[in-house]
Amino acid sequence: MSVEPKRYFLNHYPDHEDGGPSSITITPEKQKEMLDMLVNIVLKNFTKEAKHTDGGLYVGLAGGGYMMLYLSQLPGTESSRQTQYLQEALSFLKRPIQYMQAAGNRQHITDRTGFLTGNVGIMAVAAVVHHKLGQSAERDNALQQILAAASILQEPNWFANGGDELFVGRAGFLCAILWLRKHLNTQVYPDSECHRMLMTMVQSGLQYSKATSSPLPLMYHYYGTQYLGAAHGLAGILLVMLSFPNWLQQEPEVTGLLRQTIDGLAALQQPNGNFPCAMDELSGGRAEEDELVHWCHGAPGMIYLFAKAYTFFNDPKYLDVCIKCGEITWQKGLLKKGAGICHGIAGSGFVFLLLYRLTGDLKYIHRCKCFAKFIFSETFRKARTPDCPFSLFEGLAGTVCYLGDMLAPQQAAFPFFDLI
C-alpha cells in the first residue's frame, strides 16, 4: 500500500500514451465553467479591505488587479466585458495605490523597489490597465512612479541583503520593464539604462562568487542564502539577463559567463529531475520526502530558465533539462499547499503548458487537464488552505490564470514570464 507523502498527493492519473487520445476529457465549455466558478469565488472573497492591502502582486489586492487585466485579454472576450474587467482591475488596485502614496518615503526601501511584493509591480499593472482604458495621463503617472525605483536600483550596493533577485531587486525591476514594453509597445526605460543595470548585476554576481569561492562564475544571495530557484535565486536572475538579447550581442564575455553559470546550474539537476533549493544543500541535501517541487524553489521554476536557454542558445541539452523538470512535476506536482502558482498545483500545471509550447507534444495538454481536474476533486479538499487563499501567487487568482491559459495553450505563460 502506498504511503501518502506529506508535501504532495500521489498522482494516480494514467499518463498519456503516444499517439493516443487523452483519457481525461475536459471540453472548452467545461473549462470555461471551471474558470467562471473560480473568478466568482475570488471576486466574492478577495474583499478590498485593509487586511488585503499589503503584499503587492504576490499576495495583495494588486494581484486581483492583475487577474482582472488577464481576463480582459483572453481571446474571444467581448469589448464591453473587457472594459468591465479593466474597471474591476482598477478597483482592486485603488487601495494598494492609496496605501503606497500615503506611506511615501516611510516605506521600507524594498517596498519602493519591489516587483512582486512592492510598488513597481503594483504600478506596472496600473499603467497597463490605464493604457487599455485610454487614460494616458494616469498611465504616465504610474510609469513615473516605477522609474523612481530605478535610481535606487542603479546604486551598486543599494541593499546589503541581496539587491539582484526577482521579488525586490534589479531582476524584478527589469522583468517589469520587459512586461511593460510588451503591453505598452514603448521602451519605458532606455536600453542604455537597462544595460547599465544589467552590468551592475553581472559585477555583483562576479564579486559575490569570488568572495564565497563559489563553483559558479556568477552567484548571488538573499539574506545570506545562495538560493538557486526562480523566486529569490540564481535562476530568476539569469532568466531576466537572458531576456535582453541586444545587450548580450554587445557583451560576448558576459554571454560566456551566463552560459558557464547556466551549465553549472544544469549539472546540479538531481537524478529525479529536481534541483536543490540553495547551495548549502549540496553538502547535505534534503531527504526525498522533504524536497520542494515548487515554482519558487525547485524544478517547476527552474524550467523557465532552461526554456529560455534552449531558445536563446538553440542547444537541445537545455530542452532535456526542461523535460526532466516536467517528469518530476508530473510525479510530485499535486501539491498539498493549495492551488496557487508559487507553491501550488497551478504552478505545476504551468510547467506542462510551457512544455507544450516548447515541444508541441499533446501529452502535456493531457497532464494539464489532469492537474486542473484534480483541483476540483474531493481529494483536493484535504489540501491545506494558504495564508492568502484568493491571491495571485498563493491562491485562486493565479489558478484563474492557469485555467484561462488552458483555453489558449499556444499563448500560455506563467504570469509576467512569457519570456521564451
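# Exercises on a predicted model: a binding-site annotation and aromatic rings

Leaving out neighbours within four places in sequence, Cys-296 is in contact (heavy atoms within 4.5 Å) with Gly-229, Ala-230, Ala-231, Cys-342 and His-343. The model is predicted, so local features need pLDDT of at least 70 and side-chain atom pairs count only at pLDDT 80 or more, while totals for chains, interfaces and linings use all residues. Residues are numbered from 1 along each chain as its sequence is written, and side-chain values use heavy atoms, with hydrogens and water left out.

**Exercise 1.** Determine which residues the UniProt annotation "binding site" covers, and place the two cysteines among them.

*Solution.*

Step 1. According to the unreviewed UniProt entry, the annotation covers Cys-296, Cys-342 and His-343. Positions are given in the numbering used here, feature names are shortened, and annotations may be inferred rather than shown by experiment.

Step 2. These residues are spread over 48 residues of sequence but cluster in space, the largest C-alpha distance being 6.6 Å.

Step 3. Cys-296 is in the loop between H12 and H13, and Cys-342 is in the loop between helix H14 (316-332) and helix H15 (345-359). Helices (H or I, at least four residues) and strands (E, at least two) are DSSP runs numbered from the N terminus.

Step 4. Cys-296 is buried at 8% relative accessibility, and Cys-342 is buried at 1%. Buried means under 20% relative accessible area, exposed over 50%, and partly exposed in between (1.4 Å probe, protein chains only).

Step 5. Not counting residues up to four places away in sequence, Cys-342 touches Tyr-58, His-294, Trp-295, Cys-296 and Phe-393.

**Exercise 2.** Explain why the pair of Trp-295 and Phe-417 is classed as it is, and locate both residues.

*Solution.*

Step 1. Rings of Phe, Tyr and Trp (its six-membered ring) pair if their centres lie within 6.5 Å; planes under 30 degrees apart count as stacked, over 60 as edge-to-face and the rest as tilted. The rule gives 28 aromatic pairs.

Step 2. The ring centres of Trp-295 and Phe-417 are 6.2 Å apart and the planes stand at 45 degrees, so this pair is tilted.

Step 3. The pair links distant parts of the chain, 122 residues apart: Trp-295 is in the loop between helix H12 (252-266) and helix H13 (299-313), and Phe-417 is in the segment after helix H17 (396-406).

Step 4. Trp-295 is buried, with a relative accessible area of 3%, and Phe-417 is buried at 6%.

Step 5. Both belong to one aromatic cluster, whose members also include Tyr-58, Phe-167 and Phe-393.
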